[in-house]
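User: Please take a close look at one loop and its surroundings, and explain each term as you reach it. I am a first-year student, so a connected account would suit me best.

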Amino acid sequence: MKIEEHTSALKEHEDNIRRCIESGIDKNQRNIGFNISQASIEIFSIYLLKNNYITTSVNFDHRIFKKSSEISEKIPFNFPNKPRIMSIMKEIEEKRLLLCYGK
């Protein structure tokens, strides 16, 4: 996807997060978990595209951030602050699973 498409998707996720918060976090935890996870992937993709680490043909599935081995396989290249960013992405995925499928 192009940067513009990621930016548009990010705005959509941000709008959804705002609506969910306004209508009650406790009633919208699944939607919040989903949208935060997807928004983080859009931000990550925009960053990598702007810095020419990936091409527009690369798309990330949120599930790769569950395991360090998958992260290493799908994102083998280095970039500034990679360990910290990958740690945050992994934590977001773990929280997504809790919010979307936990009790």
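**A loop residue and its surroundings**

Analyst: Leaving aside neighbours within four places in sequence, I25 is in contact with C20 and I32, where contact means heavy atoms within 4.5 Å. All of this is read from a predicted model, in which local features need pLDDT of at least 70 and side-chain atom pairs count only at pLDDT 80 or more, while totals for chains, interfaces and linings use all residues. Residues are numbered from 1 along each chain as its sequence is written, and side-chain values use heavy atoms, with hydrogens and water left out.

I25 itself sits in the loop between α1 (3–23) and α2 (29–50); helices here are DSSP runs of H or I with at least four residues, numbered from the N terminus. The C-alpha atoms of I25 and F65 are separated by 24 Å, although these residues are 40 places apart along the chain.

One contact partner of I25, C20, is a cysteine that raises the matter of disulfides, which are pairs of cysteine sulfur atoms within 2.5 Å. A search of the whole structure finds zero of them, and C20 forms none because the closest cysteine sulfur, in C100, is 11 Å away, too far for a bond. C20 is buried at a relative accessible area of 7%, and C100 is buried as well, at 11%; buried means under 20% relative accessible area, exposed over 50%, and partly exposed in between, for a 1.4 Å probe and protein chains only.

On the other side of the loop, the 22 residues of α2 should span 32 Å at 1.5 Å a residue, and its end C-alpha atoms are 31 Å apart, which agrees; the expected span is 1.5 Å times one less than the number of residues. Just after α2, N52 takes a positive phi of about 60°.

The largest nonpolar core has 13 residues, of which F44, F60, F65, I75 and M86 touch the most other members. Such a core is a set of buried Ala, Val, Leu, Ile, Met, Phe, Trp, Tyr and Cys residues joined through side-chain atoms within 4.5 Å. The elements giving two or more residues to this core are α2 and α4 (82–101), and the largest share, four residues, comes from α2. Not counting residues up to four places away in sequence, I75 touches F44, F60, I64, F65, K82 and M86.
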